[in-house]
Amino acid sequence: MSVESDIQNKLKEAFAEQITEVKIPRERRMFVQVPLPLVKQVIEYLKQDLGMSHITTITAIDVGEDIEVLYHFFCQGLTLSLRTFVPKANPVIDTITPIMPGAILYEREIQGLLGLKVKEHPDPRRLVLPEDWEEGVYPLRKDYKVKEG
Amino acid sequence: MAVTIPIGPQHPALKEPINLTVTLDGEQIADIDIRLGYNHRGIEKGAELGNYIQDIYLTSRVCGICSMAHSTTFSQGVEELLGLELPKRGLFIRTLICELERIHSHLLWLGIAGHELGFDTLFMYSWRDREIVMDLLELISGNRVNYEMNTIGGVRRDISDEVRPQILQGIKQLEERTKYYLEVASTEVTFLRRTEGVGMLPKEKAIELCAVGPTARGSGVEYDVRKHDPFAAYPYLDFKVITSDLCDVLGRTVVRVLEVLESCKMCRQIIEELPQGEIKAKAPRKVPPGEVLSKNEAPRGELIHYIRSNGTDHPERVKIRAPTLANIPSVIHSLKGGYIADIPIVFAAIDPCLACMDRTILLDIENGKRKDTMRWEELRKYSITWYKGKEIRNPKYQIQNKFK
C-alpha cells in the first residue's frame with residue numbers, strides 16, 4: 001500500500017466522516033478537507049501519530065463568502081495540505097504556533113494580507129504591510145482592486 | 001544592564017533592508033526581534049492580474065539571484081495543471097540552468113561570508129571565479145541574471161553542439177577553484193575561529209523551527225527537494241544530498257561549498273547525456289480549473305508555489321513561500337546568546353534573500369494617507385520621524401537625539 005492511501009486510511013479511522021474530502025492528485029501530494037473546529041485536533045494527530053514535523057507554509061484564498069485556508073505539511077515524504085473554510089463574517093482561526101513553532105510567521109502573514117484573526121497568537125504584529133497601512137484593508141482579498149498606474 | 005539598539009532597515013552591515021532590534025546584555029545578545037516587509041512589492045496580487053505567460057516573467061523577478069528557481073517552480077506547476085508531458089531535452093536544459101544558478105548563488109554567498117568575516121581576499125577571489133559561471137549563463141541564455149529560459153511546456157533556447165565544450169571547460173575550472181575554497185574553509189585558522197561554534201542551530205531546533213535548505217542540512221537534517229520530491233531532470237541525475245553535523249556557520253559553509261561540487265558534477269552529466277529532440281511542448285493559453293503545489297530546491301532551500309487556476313488565462317491565486325522566510329525563526333534562535341560582532345555572519349549564514357521573502361508592496365496605494373511618490377524632502381522627513389521612533393534606549397545614559 002502506498003504511503004498516500006495509508007495516511008488516508010489512518011485519518012479516516014481516527015476522524016471517520018468528519019474528514020469531508022481527500023484528494024490525491026499524484027504521488028507525494030495530498031489534499032485533506034476538515035471542518036474548522038477540527039483543524040487543531042488533526043494537526044496534533046498528524047504530529048503525534050504520523051510523525052509530521054514540518055510546516056511548509058499556510059495559503060489563504062478569498063473564495064467569496066469564505067476564506068479558504070490551506071496548511072501545507074511535510075509528512076512521511078509527502079506534502080499534505082489540510083484545507084478548511086473560514087467564514088468572512090467571523091474570520092477567526094485558532095493559532096497552531098504552540099503545536100508547530102514554525103508556523104509563527106505564516107500566521108502573521110495571512111493576518112495582514114487576508115484579514116484573518118489568529119486567536120491567541122503569541123506575536124500578532126504585522127509582518128509584511130507598512131506601518132502606516134490602513135487598518136481593515138486587506139490587499140489579497142478579491143474586493144481589493146489595484147489601481148492601474 | 002540591557003541596552004536596545006536598532007539595526008537597519010538601512011545599515012552598512014546589511015545588504016538588503018530589514019530591521020533587527022537587538023537587546024544586549026554587555027556584548028551578548030539577550031533578545032532579538034526582526035521586522036520584515038521593506039521589500040514587499042505585491043507580486044502575489046500582481047500574479048492574479050497577469051496571464052500565465054506574463055507571470056513567468058513576474059515570478060522570475062521575485063529574486064535577482066534565484067530567478068530560474070522561481071520561474072521553474074511556477075512553470076512546472078502550470079504544466080502539471082495542464083497535464084503536459086515535457087520533452088526530455090527541455091527538462092535537461094531547465095535543470096542545467098537551475099544548477100548553474102546554484103553554483104553562482106553559492107559562490108556569491110561564499111564571497112559575502114568572507115566579507116562579513118573580514119576576509120575580503122576570499123570575497124574578491126570567489127566573486128572573480130563566479131564570473132566564469134555568469135559567462136556560461138550568458139552564453140546559454142543571453143543574460144547574466146534574469147535568464148528567462150522558461151516557458152510553459154519547456155525552455156525557450158536550445159544548447160548548440162558548439163557551446164557544449166565551452167560549458168564543460170568552464171565547469172572544469174569552477175570545480176578546481178571550488179576544491180581550493182573547500183581547503184580554505186576547512187584549514188584556514190582565521191576562518192575556522194570565526195565560524196566554528198558560531199550561530200549554533202542544533203538538529204532538533206532546526207526540525208522544530210522548520211528550517212530548510214543548506215541551513216537545515218548544515219544542522220544534519222537530510223532533506224533536499226531534488227532527492228525527496230524529484231522534479232525536472234533530477235530523477236535521471238546522479239548526486240548526493242550534502243549534510244553536516246556541525247550545526248554552526250562552518251557547517252553551513254561546508255554544505256554550500258560541497259553542493260557546488262555536486263552541481264558541477266550534475267552539469268557535466270547533463271551536457272554529456274543531453275537527449276536529442278524538442279525543447280518544448282505546445283501549451284494552450286487557458287488552464288482548466290484546478291490546484292497544484294509546486295516545489296523546487298532553490299539555492300537557499302525549499303521553494304513553494306501554490307497555484308490555483310480558474311479556467312481562464314490568468315491564475316486565481318499564486319502563493320509563494322521563499323526559503324528565507326522559513327529560515328527566519330532559525331536565525332533568531334541561532335543569534336540569541338551570541339555576540340553582537342557575530343550578527344552579520346550568523347545572519348548571512350542563512351543566505352538571506354529579502355527580496356524573495358518580502359516579495360508580495362502594492363503597485364499603488366489608494367487610501368490617501370500615502371502618496372504614490374514622495375519627494376526627496378518628504379522622504380527625508382519621513383525617515384527622520386521613523387528613526388526617532390526607534391530611538392536608542394538606555395535607561396542610564398540617555399543618548400541625545402541628533403535628528404532635530
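Here is a short chat about chain B of this predicted model.

Colleague: What do the end C-alpha atoms of helix 12 of chain B say about its span, and how far apart are they?
Modeller: Helix 12 of chain B runs over residues 323–335, which makes 13 residues. At 1.5 Å a residue it should span 18 Å, so the distance between its end C-alpha atoms agrees with that expectation. Those atoms are apart by 18 Å.

Colleague: At which residue does helix 12 of chain B bend?
Modeller: The bend in helix 12 of chain B is about 35 degrees. The residue at the bend is also among the buried ones of that helix. Helix 12 of chain B bends at B:Pro329.

Colleague: Is helix 12 of chain B mostly covered or mostly bare, and how many of its residues are buried?
Modeller: Mostly covered. The buried residues include B:Pro323, B:Leu325, B:Ile328 and B:Leu335. Polar names turn up there too, among them B:Thr324, B:Asn327 and B:Ser334. For helix 12 of chain B, the buried count is 12 of 13.

Colleague: Which residue with a positive phi follows helix 12 of chain B?
Modeller: Its phi is near 85 degrees. The residue that follows helix 12 of chain B is B:Gly337.

Colleague: Which peptide bond is cis, with omega near 10 degrees?
Modeller: Look in the loop between strand 1 (2–7) and strand 2 (19–25) of chain B, where B:Pro9 lies. The cis bond leads into that proline, running from B:Gly8 to B:Pro9.

Colleague: Is B:Cys247 buried or exposed, and what is its relative accessible area?
Modeller: B:Cys247 sits in the loop between helix 10 (225–228) and helix 11 (249–272) of chain B. Its phi is positive, near 60 degrees, though the residue isn't glycine. Buried means under 20% relative accessible area, so B:Cys247 counts as buried at 11%.

Colleague: And B:Asp351, is that buried or exposed, and at what relative accessibility?
Modeller: B:Asp351 is in the loop between helix 13 (343–348) and helix 14 (354–358) of chain B. Here too phi is positive in a residue other than glycine, near 55 degrees. With the buried cut-off being under 20%, B:Asp351 is buried at 4%.

Colleague: Which residues make the nonpolar surface patch of about 310 Å²?
Modeller: One member, B:Met124, is in helix 5 (residues 120–141) of chain B. Exposed means over 50% relative accessible area, so B:Met124 at 54% is exposed. The patch is made by B:Met124, B:Tyr125 and B:Tyr180.

How values were computed:
Residues numbered from 1 in each chain as written. Chains lettered and ligands numbered in written order. Predicted model: local features only at pLDDT ≥ 70, side-chain atom pairs only at ≥ 80, totals over all residues. Heavy atoms only, no water. Helix = DSSP H or I, 4+ residues; strand = E, 2+ residues; numbered from the N terminus. Expected span 1.5 Å × (residues − 1). Bend = angle between axes of the 7 residues up to and from the residue. Buried < 20%, exposed > 50% of the residue type's maximum accessible area, 1.4 Å probe, protein only. Patch = residues over 30% accessible without salt bridge, like charges linked within 9 Å, V, L, I, M, F, W, Y side chains within 5 Å. Areas by Shrake-Rupley, 256 points an atom, 1.4 Å probe, with all protein chains shown as cover. Salt bridge = Lys/Arg side-chain N within 4 Å of Asp/Glu carboxyl O.
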